[in-house]
Each structure stands twice: as C-alpha cells, then as structure tokens.
Amino acid sequence: VELCGGEGRVSRICVRRRIRHGQNFDIVVGFDLNDPQIQKDVRHYYNHFQPLISIQAPTCTPFGSFARLNYYSHYDAWLRSYNEAAPHGRFCGEMALLQDKQGRYWLNEQPAGSWLYYEEPWPEVLATQSSIFVIFDQCMVGQTGHSGLPVQKSTELKANHPALLVPFEGLKCDGSHEHDHLRHGRAEACKPVSYTHLTLPTTPY
C-alpha cells in the first residue's frame with residue numbers, strides 16, 4: 001500500500017513484477033489524507049486488509065533543508081506550506097506505528113534531516129527497536145535536475161526492516177560527476193524518486 005504515492009510508481013513496479021499490491025492513497029487519485037474522514041477510512045483499510053508493507057512519501061516541502069531558509073526569511077509562506085503538509089505527514093507516522101505494532105512493515109521517504117520526524121507520533125515510531133534508516137544520494141540512482149545534470153539530493157529512508165533498505169545501502173555520491181543545483185524552485189523538476197531503479201524485496205524477512 002502507498003501513502004502519498006503520487007501517481008503510484010511503486011504499484012506500477014508491483015504490477016510489472018507480479019507482486020500483489022493494495023491501494024495508492026494520494027490526493028492525485030482522490031484521497032486527501034489531510035481530511036479526517038479519509039484518514040478514518042484509511043485506518044479501516046489497514047486494519048481490515050492488513051497490508052504487508054506501507055510505503056510512504058509525504059510532502060517534504062516545509063521540512064527539508066531549503067524550507068529552513070523560508071522558515072526564517074519567509075515565515076508566512078513556510079507556515080502555509082506546513083499547514084498543508086503536516087497533517088498527512090503525521091498521519092503517515094500513525095500508520096507506520098500501526099504497522100509496527102501489528103507486526104507488519106513500513107518505509108518512509110524524506111530529505112535527509114527532515115523536520116517531519118519532530119512531528120507526533122514520529123518520535124514514538126523512531127524510538128521503537130525496529131526503526132532503522134539509510135541515507136543515499138539520488139544522483140546514484142539516476143536522478144537528474146532541470147538542466148539534465150545529476151542531482152545529489154541526499155534522501156533518508158526510514159523503515160522497520162533491513163530488507164527494505166538494502167537496495168539503497170552504499171549509494172553515496174562517488175564524486176565522478178558534476179551536480180545540478182536545486183535553488184530557486186528547481187527541486188520541483190526532480191521530486192519523484194527514480195523508482196525504476198528500486199529493487200523491491202518480495203518478502204521482507
């Protein structure tokens with residue numbers, strides 16, 4: 001199951017690999033995860049269908065490194081962005097905690113050092129013994145920017161089983177190429193992770 005999965009890239013990979021997949025809950029396909037009623041419906045879905053893995057990519061705009069500049073220099077704009085992103089970011093934490101408590105699995109993607117993890121219930125999620133993470137550079141999985149050059153964009157994946165992170169271990173920039181920069185809104189051109197390079201484990205145990 002995907003939370004904030006955009007156009008459902010992970011689900012597409014599952015189809016190609018003949019892996020059974022669940023719903024993609026994202027506003028682009030009609031699920032506003034800031035809506036309390038939608039959140040209630042998703043809770044019911046998780047409890048009823050008990051998905052093996054919850055793959056999450058909540059909005060990172062007010063939580064990443066560039067957002068910190070806006071926090072100090074353009075606070076009103078940052079606050080608007082925060083109010084749009086924080087409710088479903090917290091909900092992803094709630095679903096990760098549910099998955100962990102029920103013996104299932106979760107993976108969440110954010111920029112390295114994201115402020116999202118200060119939002120409740122993420123501190124509780126990350127305090128569990130099963131919580132682990134890996135940081136990788138997106139230039140090592142084929143990510144490119146506005147100019148077509150590789151983009152480093154250090155990204156942090158948190159999860160509750162090592163098998164979910166194995167494909168991204170050791171993917172730190174090797175210094176063999178020039179990077180595009182992401183200033184002045186240019187990060188928009190490369191927001192989706194290059195999921196075509198992802199090796200999904202069929203069973204996380």
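The following paragraphs go through a predicted model of one protein chain, from its overall makeup to its sheet, a helix pair and a single loop residue.

The protein chain contains five helices and six strands. Read from the N terminus, these elements follow one another as β-α-β-α-β-α-α-β-α-β-β. Of the 205 residues in the protein chain, 44% are buried. Among contacts with a separation of 6 or more, 69% involve residues 24 or more positions apart.

The six strands make up an open sheet, and their order across it is S2-S1-S3-S4-S6-S5. The pairing within this sheet is mixed. Its edges are strand S2 (24-25) and strand S5 (132-137), each of which pairs on one side only.

The sheet can be followed strand by strand, beginning with S1. Strand S1 covers residues 2-3 and runs parallel to S3, to which two bridges join it. In this pairing, Glu2 lies opposite Ile55 of S3. Strand S3 itself spans residues 53-56. Ile53 and Ile55 point one way from S3, while Ser54 and Gln56 point the other way. These four residues are all buried, the polar-named pair Ser54 and Gln56 included.

Next to S3 in the order comes S4, a strand of residues 105-111. S3 and S4 are paired in the parallel sense, with four bridges between them. Two of the partnerships can be named: Ile55 is matched with Leu107 of S4, and Gln56 with Asn108 of S4. Ile55 therefore has a partner in S4 as well as Glu2 standing opposite, under the definition by which strands pair through DSSP bridges.

Beyond S4 the pairing becomes antiparallel, with five bridges joining S4 to S6. Here Pro111 stands opposite Thr155 of S6. Strand S6 comprises residues 154-159 and is mostly covered, with five of its six residues buried. S6 also runs antiparallel to S5, and six bridges join these two strands. One of the matched pairs is Ile132 with Ala159 of S6.

The helices offer a packing example. Two packed helices are described by the angle between their axes and by the distance between those axes. For helix H2 (residues 36-49) and helix H4 (residues 75-101), the angle is about 20° and the axes are 11 Å apart. Angles under 35 degrees count as roughly parallel, so H2 is roughly parallel to H4. The crossing of H2 past H4 is right-handed. On the H2 side the contact is made by Gln39, Val42, Arg43, Tyr46 and Asn47. H4 contributes Pro87, Phe91, Glu94, Met95, Leu98 and Gln99. Sorted by type, the residues of this contact are six nonpolar, three polar and two charged.

The last stop is Thr59, located in the loop between S3 and helix H3 (65-73). Is Thr59 buried, exposed or partly exposed? Its relative accessible area is 33%. Buried means under 20% and exposed over 50%, so Thr59 is partly exposed. Apart from neighbours within four places in sequence, Thr59 is in contact with Ala85, His88 and Gln110. The C-alpha atom of Thr59 is separated by 9.4 Å from that of Ser81, a residue 22 residues apart from Thr59 along the chain.

How values were computed
Residues are numbered from 1 along each chain as its sequence is written. This is a predicted model: local features need pLDDT of at least 70, side-chain atom pairs count only at pLDDT 80 or more; totals for chains, interfaces and linings use all residues. Side-chain values use heavy atoms; hydrogens and water are left out. Buried means under 20% relative accessible area, exposed over 50%, partly exposed in between (1.4 Å probe, protein chains only). Axes are lines fitted to C-alpha atoms, for helices over the stretch in contact, and angles run from 0 to 180 degrees between N-to-C directions. Angles under 35 degrees count as roughly parallel, over 145 as roughly antiparallel, 65 to 115 as roughly perpendicular and the rest as oblique. A crossing is left-handed if the near helix is turned anticlockwise from the far one by less than a right angle, and right-handed if clockwise. Contact means heavy atoms within 4.5 Å. Ala, Val, Leu, Ile, Met, Phe, Trp, Tyr, Cys and Pro count as nonpolar, Asp, Glu, Lys and Arg as charged, and the others, Gly among them, as polar.
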